[in-house]
Each structure stands twice: as structure tokens, then as C-alpha cells.
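Please read these notes with the model open beside you. They go through a few local features, one at a time.

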Amino acid sequence: MSRRSFTAAQKLLHWSMAVAIIAMLFIGVGMVATLAPIHADLVALHRPLGVVILVLALIRLGLRLRRGAPPLPADLPWWQTLSARGSHVLLYALMIAMPLVGWGMLSAGGYPIVLHGAWQLPPILPQSNLLQVILRQSHRWLGLVFFAVILLHIAAALFHGLSRRDGVFSSMVRGR
Amino acid sequence: MLRRLLGTDGPLLVPAIVIALVLGALASAFAAVAGWFDPGRLTPARMVDALGRRGGDPVGHRRNHAKGVCFTGSFAANGAGTDLSTAPMLAAGRYPVTGRFAIATGNPLAADGSARVRSMAVRIVAPDGQEWRSGMNTSPVFAVATPAAFFAMVQAAMIDPATGKPDPQAMPAFIATHPETGAFLAWARSAPWTASYADQAYYGLNAFILTDARGTGRPVRWSMRPETAAAAVAPDTIGADVLAGDLAERLARGPLRWTMVMTLGQPDDPTDDATRPWPAGRREVVVGTLVVDAAQDEAHGPCRDVNFDPTILPDGIALSDDPLLAARSASYATSFDRRIAEQVRR
Ligand code: HEM
Ligand code: HEM
Ligand code: HEM
């Protein structure tokens with residue numbers, strides 16, 4: 001696999017999900033910190049958008065496993081190669097874990113999981129106070145970790161695009 | 001050296017500045033949205049902190065309506081509500097209910113006669129899994145219209161650690177600056193006290209929107225009207241722990257019933273102000289009967305770990321523009337998260 005670029009589908013998924021995930025992190029921390037009427041609208045948006053991200057992340061993981069990724073530059077220092085691989089694994093893990101934890105914590109809390117109107121998801125866990133507490137705390141802390149990893153990921157992408165100019169940035173931006 | 005470490009032959013300064021600007025902008029926007037720069041913001045956490053400082057030890061309990069009792073029963077819908085709303089539990093039939101009666105206090109050990117307001121909360125479950133959760137109070141109007149005014153009222157009731165009591169000036173000062181409390185206070189002065197949960201009417205207070213099959217929305221306030229006649233007593237004769245016992249005694253003799261009434265608002269009726277009653281004579285539709293069959297101790301009852309968040313609604317019932325609703329949802333979730341965590345730590 002020695003393409004210079006990600007496939008069009010991979011790029012489309014990457015950028016639409018980047019917007020959606022960053023929006024979700026802002027919606028999440030914003031809605032838990034306000035009593036204003038927008039709280040209700042944000043919560044109502046947060047659940048379905050999170051589930052869409054889960055579905056897209058699974059499709060994207062399938063594509064990544066089947067279509068692979070362009071190789072990283074051979075002259076990249078070892079620690080950057082390692083960080084790139086590790087952080088991408090972490091980003092995939094978080095894209096899948098965050099929505100599952102959200103879904104799970106509502107299940108464990110005995111809530112109906114309403115997507116829109118009469119559309120609901122079934123619970124994925126039995127009602128349990130212990131699980132509710134663990135998952136609610138995890139949803140908060142994983143959210144902060146997610147945001148921090150995204151910031152580092154953006155820093156690395158800009159470093160590739162502006163300083164190294166090694167084609168890594170354009171592999172996610174330009175057509176092949 | 002730095003270039004070797006970073007593995008680049010390209011520029012360093014400009015990329016560093018761009019990266020710092022982009023990351024700085026994102027991180028500050030995140031912190032601003034999260035309220036980290038704004039310790040004065042009225043957040044659910046601050047609301048729930050204040051609610052928990054009105055006396056007693058609320059750890060492990062609801063931060064408001066802290067003392068209560070669970071019940072189970074059913075909602076028998078007569079089908080009249082289907083003209084107004086597509087909510088599945090308004091179609092004629094019987095739907096299981098988990099509920100809770102409580103007194104509006106921050107103290108789980110408060111004396112029953114110490115709280116002017118009592119409450120009923122219900123969770124009605126439809127066969128398709130949709131839920132309708134509602135918390136209703138015995139006052140026909142609420143004391144305040146906005147979350148900020150509610151917070152000010154709670155603060156006025158907070159215990160001063162120095163004296164072990166609320167500041168005696170605080171509540172009079174709050175009332176003097178909040179004339180919207182008038183209708184509630186008139187009720188509080190004149191309504192008879194009783195020694196039972198069974199003989200009380202409970203009002204949903206906030207307005208909601210019922211949506212029918214054609215998508216037409218109508219503002220509504222709902223209430224539960226008791227079948228049991230009210231027996232007035234002098235407030236100072238109400239024992240400290242009589243309400244749960246009274247309920248159990250009555251249920252031993254048979255189920256208790258409430259009629260559920262939908263009061264439909266006209267276009268000019270306020271939907272965003274729970275302190276203002278709607279004019280008399282508004283159309284009322286009886287949509288069914290709540291049947292309470294059994295009561296359970298809260299400590300181990302089925303209502304303990306339920307969040308009766310009034311924004312959990314089936315399709316066919318939606319939120320109105322009442323600003324209390326979102327504030328309730330956010331605060332109940334915070335109170336729920338805390339008390340569940342405290343239960344686990346026990
Ligand atoms: C990529 C997906 C997701 C991200 C990035 C995300 C992010 C967040 C963040 C940052 C918070 C604030 C946590 C805090 O500071 O306490 C939050 C809260 C929350 N999230 Fe998510 N979330 C995601 C998916 C979901 C899903 C799928 C659900 C449910 C189906 C969900 C349900 C919730 C709930 C119920 C809250 C707390 C609301 C409250 O306590 O008032 N999330 N989320
Ligand atoms: C929520 C935000 C984001 C997430 C979760 C995310 C996730 C990922 C993941 C998992 C990869 C590995 C390739 C793959 O299989 O898709 C990747 C690659 C990449 N991302 Fe992001 N990304 C985000 C935002 C951004 C942003 C804002 C930028 C640009 C500033 C960016 C630039 C890149 C670049 C240039 C690559 C290619 C790296 C390579 O060739 O290995 N990403 N991203
Ligand atoms: C901004 C205004 C309000 C705030 C901040 C607030 C706050 C709270 C909190 C934190 C709880 C405990 C929730 C839990 O731990 O499960 C609670 C319980 C309750 N509230 Fe409110 N409340 C407000 C307005 C109202 C109104 C307008 C009503 C009446 C319609 C009401 C009726 C109830 C009832 C019935 C309960 C007890 C529910 C149960 O038995 O579990 N509240 N409130």
C-alpha cells in the first residue's frame with residue numbers, strides 16, 4: 001500500500017467527523033455548565049449526534065483496516081512515528097468509546113435513551129448505580145483526554161504541513 | 001539540535017506561532033464554554049450546592065424534596081388525550097407507574113409539618129419503552145419564574161454555619177424584592193393543611209406543549225386531582241413522621257386514585273411564567289386516572305434511583321418556553337449523579 005493520500009471516503013469521514021467531534025466536546029462541557037433553556041436543546045442534540053459519530057467511527061475503522069493509510073515519511077524521527085501511530089489508535093478508541101460510554105451511562109442510570117421523538121435505543125447495560133457512577137465519571141474524563149489528544153493531533157498536523165512539508169498534511173487534504 | 005530532534009529542515013518560528021495561536025484559541029474557547037473563566041456563572045453544580053445547604057445532611061439523598069416515600073401503581077388512560085397528543089400512554093389502556101411522594105425540603109429528616117409544599121412524582125412507561133416523567137407540587141402556582149430567582153430564594157434559605165440557622169433577614173428581603181411570589185404566598189397562607197399525601201391535588205406548574213397526530217401543538221398545564229376528600233388539620237398538630245404511615249394505612253384498605261386533568265391554554269396565556277395562573281374557565285380534559293396500589297420505604301424502594309426529570313417526555317409532549325424546565329433538568333441530573341455516587345460509596 002504505497003498511496004500518497006487517504007481515499008476520498010477516508011478524507012470525507014475524517015473532516016466531517018472532526019467537525020462533529022469538536023462540536024460534541026463543546027456541546028458536552030457547555031450543557032453541563034448551564035441552567036439556561038439552551039441546556040435542553042443541547043442535550044437533545046448531544047445524544048443523536050453522538051450515536052451518528054459511533055456509526056461513522058465503525059465504518060471508518062472498517063475502511064482503515066481494509067484500505068490502510070499512506071506510509072509515514074521514512075525520515076520521521078522514531079518518537080514521532082511512535083506518537084503518530086499511538087495517537088491514531090487512541091483517537092479511534094475514543095471515537096468509539098465516548099458514545100458507548102454515553103449510551104451505557106444512560107442505560108445504567110435507568111433513563112430512556114431518546115434519539116428523536118419516539119425513536120429510542122435499547123439499554124446496553126442493566127440499571128446499576130455502580131456502573132452509572134463509573135461511566136458518568138469516565139464520560140467526563142475521557143472527554144477531557146479526547147480534547148487534549150485532538151489538540152496535540154492538530155499541532156502535529158500543522159507541524160507536518162508548515163515546517164516539515166513532507167506530504168503528511170496533504171495526504172488528508174488534497175486529492176491523490 | 002532542535003531541528004534534529006524535531007526532524008525538520010523547514011521553518012520553525014512561523015509554524016510555532018501558528019500552532020500556538022490555533023491551540024490557544026481552541027483551548028480558551030473550550031474553557032470559556034465550560035465556564036472555567038466565569039466562577040460567577042449560575043451552574044447546575046452551584047444550584048445543587050445551595051440546595052444541599054438548607055439544613056440536615058442530604059448526603060445520599062435528593063437535594064430538594066429530600067424526604068419522601070415510593071409508590072407503585074398504574075395510569076389508566078381513558079383515551080380522551082389522543083385527540084390532543086400522540087403520547088402512547090394517553091391511548092386508552094393501563095400503563096405501569098413508579099412514583100414518589102415527598103415534602104419540599106432539603107433535609108431528609110425534616111418534620112412532615114415543616115414543609116408547606118408536598119409533591120408527587122411519576123414515571124409512566126408505555127409498551128414501546130417511551131417514558132413520561134413528571135414532578136408535581138401541591139401549590140397551584142410556583143413561587144418564582146426564573147432559575148436565577150429560584151437560586152436567590154434557595155440562598156435566602158441557606159443555613160448560616162455561624163448560627164446554624166438561615167439569616168432571619170434573608171427571606172423577608174427576598175420576598176420584598178420578588179413580587180412574583182405573591183400568588184404562591186397567598187396560597188401558602190390560605191390553603192388548608194392536611195395530614196396526608198392522599199387528599200392533595202398536585203400541579204405540574206410548568207407549561208408543556210401537546211402535539212396531536214396532525215402536528216398541531218397546544219399549550220397545557222396538567223394536574224392530579226385526588227378522589228380522597230381533604231381533611232384540614234391545624235399545622236402544629238402534624239406529627240414529624242405521619243405522612244408515610246398515613247399512606248401505608250390507607251393503601252392497606254385499598255388503592256388511592258387521582259384524576260389526571262389537562263388544562264389547555266389559550267394563545268395569550270403565559271407558558272413561560274409558572275408564577276402566573278391561567279384564567280379560570282380554560283378547557284379541561286380528563287385523560288385518565290392514576291391508581292396508587294402500594295407504597296415502599298424510600299431507602300430500598302423502586303423510586304430511590306429514579307431521576308424524575310420533567311424533560312423526559314414521550315413523543316407528543318414537548319417542552320414549552322418555560323425557563324424553569326431546562327434548569328430543572330440540569331439540576332436534577334446533577335443531584336442524581338451526586339446522590340447515586342454517594343449511595344455507591346456507602
Ligand atoms: C463522540 C461522542 C461524544 C462526546 C465527544 C461526548 C462528550 C461529552 C462531554 C465533554 C460531556 C460533559 C461531561 C462533563 O463535563 O461532565 C458530555 C456529557 C454527557 N453526554 Fe456525551 N459525548 C459523546 C457521546 C454521547 C452519547 C452517544 C450519549 C448518549 C447516548 C451522551 C450522553 C451524555 C450525557 C447524558 C451527558 C451529561 C448530561 C448531564 O449530566 O446533564 N454522550 N458528553
Ligand atoms: C476531532 C478531531 C479529529 C480526530 C478524531 C482525528 C482523527 C484522526 C485519525 C484517527 C487519523 C489517522 C488516519 C485515519 O485512519 O483516519 C487522522 C489523520 C490525520 N489528521 Fe486528524 N483528526 C481530527 C482532527 C484533525 C484536524 C483538525 C486536523 C488538521 C489541523 C487533522 C489533520 C490530520 C492529518 C493531516 C492526518 C493524516 C496523518 C497521517 O497521514 O497519518 N485532524 N486524524
Ligand atoms: C429552577 C427551579 C427548580 C430547581 C433548581 C429544582 C431543583 C430540584 C432538585 C435538585 C430536586 C432533586 C432531584 C433528584 O435528586 O432527583 C428536585 C426535586 C423535585 N422538584 Fe424541583 N426544582 C425546581 C423547580 C421545580 C418546580 C417548578 C416543580 C413543580 C412543578 C418542582 C418539583 C419537584 C419535585 C416534585 C421533586 C421531587 C421529585 C422526586 O420525588 O424525585 N421543582 N427539584
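1. Helices (H or I, at least four residues) and strands (E, at least two) are DSSP runs, numbered from the N terminus. By that numbering, B:Tyr332 lies in helix 8 of chain B, residues 323-345. The OH of B:Tyr332 is the single protein donor to the iron atom of ligand 3, 2.1 Å away. Donors are N, O and S atoms within 2.8 Å of the metal (3.2 Å for Na, K and Ca); water is not among the atoms, so sites may look incomplete.

2. This is a predicted model: local features need pLDDT of at least 70, side-chain atom pairs count only at pLDDT 80 or more, and totals for chains, interfaces and linings use all residues. Residues are numbered from 1 along each chain as written, chains are lettered from A and ligands numbered from 1 in the order written, and side-chain values use heavy atoms, without hydrogens and water.

3. In chain A, strand 1 (residues 113-116) and strand 2 (residues 119-121) run antiparallel and are joined by 3 bridges; two strands pair if DSSP finds at least two bridges between them. A:His116 has A:Trp119 of strand 2 as its bridge partner. The hairpin has 2 residues between these strands, and A:Gly117 takes a positive phi near 55° there.

4. Is A:Trp78 buried or exposed? A:Trp78, in helix 3 of chain A, counts as exposed because its relative accessibility is 66%. Buried means under 20% relative accessible area, exposed over 50%, partly exposed in between (1.4 Å probe, protein chains only).
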